[in-house]
Amino acid sequence: MTGDDTRHLPLEDIHVTAGARFGAFAGWSMPLTYPAGVMKEHLHTREQAGLFDISHMKLFEVSGPEAVALLNRACPLDAGALQISQSKLSFFLNEAGGILDDLIVTRLGDNRFVVVANAGNAFADEKHLRALAADFDARVEPLDRVFLAIQGPEAWAALSRAGIETGSLLFMHGVEPRKNWFMSRSGYTGEDGFEIGLPEADARDLVAKLLGDERVLWIGLAARDSLRLEAGLCLHGQDITPETDPASAALMWAIPKDIRASGAFIGADALRAAVERGPAQKRVGLKPEGRQPVRGGAALFDADGNPAGQVTSGGFGPSAGHPVAMGYVSTPLAKPGTRVFADVRGTKIPVDISSLPFTPHRYRKG
Amino acid sequence: MATTYFTSDHEWLRVEGGIATVGITDYAQEQLGDLVFVELPETGKKLTKGDTAVVVESVKAASDVYAPVDGEITEANGTLSSDPSLVNSAATGAGWLWKMKLADESQLSGLMDEAAYKAHIG
């Protein structure tokens, strides 16, 4: 179709056959739901294993004698301190300390790393990283891969039946089990699980094997969103943006202490100043009272009717059994149990500040 | 004798004795996915065709359901407060949304019958 720049997943035909309903996300046509529906897909992932096609996300390989130095400049990260196979959540920040993207960086070798970037930021991330790489003896190579996630308590067993042993791999570690494969024990659901980047032909073979296992179901983007929201994980563009810094986003845990103090990453000065000042608003979990969901964009007010913040993501938590949301509130209000009110179509819905996650993480840490 | 009408916004109306029972079609509930909340109107509320009568909320999004004709709400389906999934499982039956007293029955002539609606959704 002329003028249609929508991108299509390499495995789209498989999703069509599976009965997926598609929708646009970050420039891609993505499976939103399958015939099971968002509720069953969500619960199935927490109970057994959900298979997600996340090929809209981008993998980059960063390599070369100064790969560590490049990453230390690009991210508030001590790349040289990562063990081989260790993964870390990090960010690209702008000079104001705002979050351009959140990324997972995994060290594959002394001078070789893989970076996983969000779909909507992939082009900008590549441009940003390439521009920075000009000052370093390092190269940035986008990888042409299908990217799959398998998440849930049975994920490891389903992979094992499909011929892929994950035994000693721990949460936030990644390896290259086969040629041109990258597999990490990580995800976006709060469950134990894996993300696997691999060539298309291998992916078709793996998907066929996994779907032959009755524990494995395709899961669409709708359930991916409700799963990550219950797990308290941020969606870039909603919960974190170039206007929010890691301090207000309550993500300083991702930045090592010595890097906070002395790192030479982009945005370091602004972030140090922001930490020094203390953020005016903080990201928090929000639990609406009753059954009515409170959505991203809703304004929050304190008990006296003064503006208190805003909701950035909200919906219903199928495992929690109640509406769940996250957003930003004035720092003095950012304590679990504090009551605020969300304006939903003119009605004030009571909302309690809640600790995150709404459903406990079940990562395999050791 | 009740007559059933359909709108291009995927609503159905079952009209009997000047009262219309209104709901969304099976096609609409499938498009919306699992509903988790229905914001019901108050009895006595007067609506003009095109006004938002009800908001149905799925896991992911909120969607307006419009008044298909002018009239006054006589009853809302309170069962949906505790079980919104009735709209998914029985969209054209127990999952009805509201009843309204028609202000102008001539507006019904602008709506579709079942055959026309089926052609509309293809």
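This is a short tour of a predicted model with chains A and B, one selection at a time.

**Stop 1: chain A as a whole**

Select chain A and colour by secondary structure: you should find nine helices and 20 strands. Draw a box along the principal axes, and the C-alpha atoms fill roughly 60 × 50 × 50 Å. How does the radius of gyration of chain A sit beside that of a compact globule? For 366 residues such a globule would have a value near 21 Å, and chain A has 20 Å, which agrees. Buried residues account for 49% of the 366 residues here. If you like contact maps, take the contacts of chain A between residues at least 6 apart in sequence: 68% of these join residues at least 24 apart.

**Stop 2: a helix pair in chain A**

Stay in chain A and select residues 38-47, helix H2, together with residues 221-230, helix H7. Their axes lie 9 Å apart and meet at an angle of about 55°. Angles of 65 to 115 degrees would count as roughly perpendicular and those under 35 as roughly parallel, so H2(A) is oblique to H7(A). The crossing of the two helices is right-handed.

Now show side chains at the place where they touch. On the H2(A) side, pick A:Val38, A:Glu41, A:His42 and A:Thr45. Opposite them, H7(A) offers A:Ala222, A:Ala223, A:Ser226 and A:Leu227. Colour this set by class and you get four nonpolar, three polar and one charged residues.

**Stop 3: chain B as a whole**

Hide chain A for a moment and select chain B, which has four helices and nine strands. Follow the ribbon along the sequence and the order reads β-β-β-α-β-β-β-β-β-α-α-β-α. The C-alpha trace spans about 35 × 35 × 25 Å along its principal axes. A compact globule of 122 residues would have a radius of gyration near 14 Å; chain B has 13 Å, which agrees. Of those 122 residues, 43% count as buried. In chain B, 60% of contacts between residues at least 6 apart in sequence join residues at least 24 apart.

**Stop 4: where the chains touch**

Bring chain A back and select the contact between the chains: ten residues come from chain B and 15 from chain A. Which strands of chain B each supply at least two residues of the side that touches chain A? They are E4 (35-39) and E6 (52-58). E4(B) gives the largest share of that side, three residues. Coloured by class, the chain B side divides into five nonpolar, one polar and four charged residues.

How values were computed. Residues are numbered from 1 along each chain as its sequence is written. Chains are lettered from A and ligands numbered from 1 in the order in which they are written. This is a predicted model: local features need pLDDT of at least 70, side-chain atom pairs count only at pLDDT 80 or more; totals for chains, interfaces and linings use all residues. Axes are lines fitted to C-alpha atoms, for helices over the stretch in contact, and angles run from 0 to 180 degrees between N-to-C directions. Angles under 35 degrees count as roughly parallel, over 145 as roughly antiparallel, 65 to 115 as roughly perpendicular and the rest as oblique. A crossing is left-handed if the near helix is turned anticlockwise from the far one by less than a right angle, and right-handed if clockwise. Two residues are in contact if their C-beta atoms, placed from the backbone, lie within 7 Å. Ala, Val, Leu, Ile, Met, Phe, Trp, Tyr, Cys and Pro count as nonpolar, Asp, Glu, Lys and Arg as charged, and the others, Gly among them, as polar. The radius of gyration is taken over C-alpha atoms; the globule rule is 2.2 Å times the number of residues to the power 0.38. A residue is buried if 20 or more other C-beta atoms lie within 10 Å of its own, exposed if 12 or fewer, and partly exposed in between; C-beta atoms are placed from the backbone.
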